[in-house]
Amino acid sequence: MFEGRELDHIGVQVTDSEADAKFYMEKLGFTLKGKFKSSHGDYYTWFVTNGQITYEIYQSANIPEDAKGKVNHVALNSTDIEADYKYCVENGYTICTNGIEEIPSRWEHGCRYFKVVSPTGEQIEFNQNL
């Protein structure tokens, strides 16, 4: 069902999203793909890309004390979020979101996503930009 699925992005939780995004752009040559006001505070979520990989960089206070950032999830591209969700539910995947969630202010028409958990706790997101 998911073989050959393209990587959409890697979500990184950080303590300073602006500083991290600037590092990727100024030091590593990434370009800005999107910048969105966060609904969880007075900061932005940044999407930066080098043309092959995209990082979603967002601020969070929920980071281990010994780290300033951590990979939170790997997101796969979905062209039919409803079908992907149905497949995961029917096949016993552990869903760690409140079903299919939506962020209407992301991208031109919003996005819909859900996350599943691997046996060791890694979160895999299925994301469909609308």
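A pocket, as the word is used here, is an open set of grid points where a 1.4 Å probe fits, with protein on both sides within 12 Å along at least five of seven lines, and its lining residues have an atom within 4 Å of a point. With that in hand, welcome to this predicted model. Its largest pocket is lined by 40 residues, and its largest nonpolar core has ten. Below is a tour of the pocket, the cores, strand β8 and a few residues worth a look.

**The largest pocket**

- The space in the largest pocket comes to about 800 Å³.
- Of the 40 lining residues, E56, Y58, I103, R106 and Y113 are the ones that lie nearest the centre of the pocket.
- Sorted by class, the lining holds 19 polar, twelve nonpolar and nine charged residues.
- Many strands take part: β1, β2 (31-37), β3, β4, β5 (69-77), β7 (101-103), β8 (111-117) and β9 (123-129) each give the lining at least two residues.

**The nonpolar cores**

- I10, V12, V14, A21, Y24, F30, W46, V48, Y55 and I57 make up the largest nonpolar core.
- Two or more residues of this core come from each of β1 (7-14), α1 (17-28), β3 (44-49) and β4 (54-59), and β1 gives the largest share, with three residues.
- I57 is a good residue to centre a view on: leaving aside neighbours within four places in sequence, I57 is in contact with V12, V14, S17, D20, A21, Y24, Y44, T45, W46 and V48.
- A second core, separate from the one above, has eight residues, among them F2, C88, V116 and F126.

**Strand β8 and its partners**

- β8 is mostly covered, with six of its seven residues buried.
- Strand β6 (residues 94-95) pairs with β8 in the antiparallel sense over two bridges, and T94 has V117 of β8 as its bridge partner.
- β7 and β8 also run antiparallel, joined by three bridges, and here I103 stands opposite C111 of β8.
- Seven bridges link β8 and β9, again in the antiparallel sense, and F114 is matched with F126 in β9.
- β8 and β9 form a hairpin with five residues between the strands, and G121 in the turn has a positive phi of about 100°.

**W107, an unusual backbone angle**

- Most residues other than glycine have a negative phi.
- W107 is not a glycine, yet it has a positive phi of about 60°.
- The residue sits in the loop between β7 and β8.
- W107 counts as partly exposed because its relative accessible area is 22%, and the buried class is kept for values under 20%.

**T79 and Q128, a pair far apart in sequence**

- T79 belongs to the loop between β5 and α2 (81-90), while Q128 is part of strand β9.
- Along the chain T79 and Q128 are 49 residues apart, but their C-alpha atoms are separated by 6.0 Å.
- Is T79 buried or exposed? With a relative accessible area of 70%, T79 is exposed, since that class covers values over 50%.
- Q128 has a relative accessibility of 16% and therefore counts as buried, the limit being under 20%.
- Not counting residues up to four places away in sequence, Q128 touches S78, T79, D80, I81, G110, C111 and R112.

Note on methods: Residues numbered from 1 in each chain as written. Predicted model: local features only at pLDDT ≥ 70, side-chain atom pairs only at ≥ 80, totals over all residues. Heavy atoms only, no water. Core = buried A, V, L, I, M, F, W, Y, C linked by side-chain atoms within 4.5 Å. Buried < 20%, exposed > 50% of the residue type's maximum accessible area, 1.4 Å probe, protein only. Helix = DSSP H or I, 4+ residues; strand = E, 2+ residues; numbered from the N terminus. Contact = heavy atoms within 4.5 Å. 1 Å grid on protein atoms, 1.4 Å probe; cavity = no way out; pocket = protein on both sides within 12 Å on 5 of 7 lines; lining within 4 Å. Points joined across faces, edges and corners; volume = space filled by probe spheres on them. Nonpolar A, V, L, I, M, F, W, Y, C, P; charged D, E, K, R; others polar. Pairing = 2+ DSSP bridges.
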